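Please look over the sequence and the model that follow, and keep both at hand while reading. The explanation takes up a pair of helices and then turns to the backbone.

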Amino acid sequence: MRCRSCGRPLETLTLCVRCRRPTCDDCRVDGLCPHCREVMESYRRDWEVWLGYVEERMAEIGAVVSSRPSCVVCPVLRELSLSLLKTAWEIEEAAERRGFEEVRERAERLRKGLFKVAGLILARQMAASRE
Ligand SMILES: [Zn+2]
Ligand SMILES: [Zn+2]
């Protein structure tokens with residue numbers, strides 16, 4: 001049996017924890033072969049990009065809520081805040097499953113912030129619909 005990454009013969013059968021391909025100790029880091037580390041790194045970069053997007057939109061919503069109260073009753077704002085909340089939540093769960101603690105913490109902060117913002121918007125909209 002040879003390492004699938006570097007081709008060296010394996011003395012003991014050691015597998016990548018993700019793809020189960022035989023991988024030597026030198027090629028494995030945190031149990032992962034180079035291919036799987038690359039895949040994980042691309043997930044992480046993708047999540048960082050999405051969280052950056054969520055952060056920007058959240059700041060915009062915050063600005064609207066504080067400076068233009070009449071816009072808070074807009075359904076678009078409600079839908080946007082709920083969809084951002086969903087995105088942050090999904091990334092938080094995915095990052096937790098794969099052990100990306102920094103990403104998970106950032107997503108959790110955003111999820112909590114958005115939960116408050118969305119709650120505020122919903123409460124104002126419900127109050128407005130009763131007037
Ligand atoms: Zn190797
Ligand atoms: Zn692998």
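How are helix 2 and helix 3 oriented relative to each other, roughly parallel or roughly antiparallel? In this predicted model, helix 2 covers residues 75–97 and helix 3 covers residues 101–130, and their axes come within 8 Å and cross at roughly 155°. Since angles over 145 degrees count as roughly antiparallel, helix 2 and helix 3 are therefore roughly antiparallel to each other. The crossing of helix 2 and helix 3 is, in addition, left-handed. As for the residues that make up the contact of helix 2 with helix 3, these comprise 17 nonpolar, 2 polar and 6 charged residues when sorted by class.

The backbone before helix 1, a helix that spans 34–67, deserves a separate look. Arg20, which lies in the segment before helix 1, has a phi near 65°, and this value is positive even though the residue is not glycine. Asp30 also has its place in the segment before helix 1, and its phi is positive too, at about 50°, although Asp30 is not a glycine.

Are these two residues, Arg20 and Asp30, buried or exposed? A residue counts as exposed if 12 or fewer other C-beta atoms lie within 10 Å of its own. Arg20 has 10 other C-beta atoms within 10 Å and is therefore exposed. For Asp30 the number of other C-beta atoms within 10 Å is 9, so that Asp30 is likewise exposed.

Conventions. Residues numbered from 1 in each chain as written. Chains lettered and ligands numbered in written order. Predicted model: local features only at pLDDT ≥ 70, side-chain atom pairs only at ≥ 80, totals over all residues. Axes fitted to C-alpha atoms, helices over the stretch in contact; angles between N-to-C directions. Helix = DSSP H or I, 4+ residues; strand = E, 2+ residues; numbered from the N terminus. Parallel < 35°, antiparallel > 145°, perpendicular 65-115°, else oblique. Left-handed = near helix turned anticlockwise from the far one by under 90°. Nonpolar A, V, L, I, M, F, W, Y, C, P; charged D, E, K, R; others polar. Buried ≥ 20, exposed ≤ 12 C-beta atoms within 10 Å, placed from the backbone.
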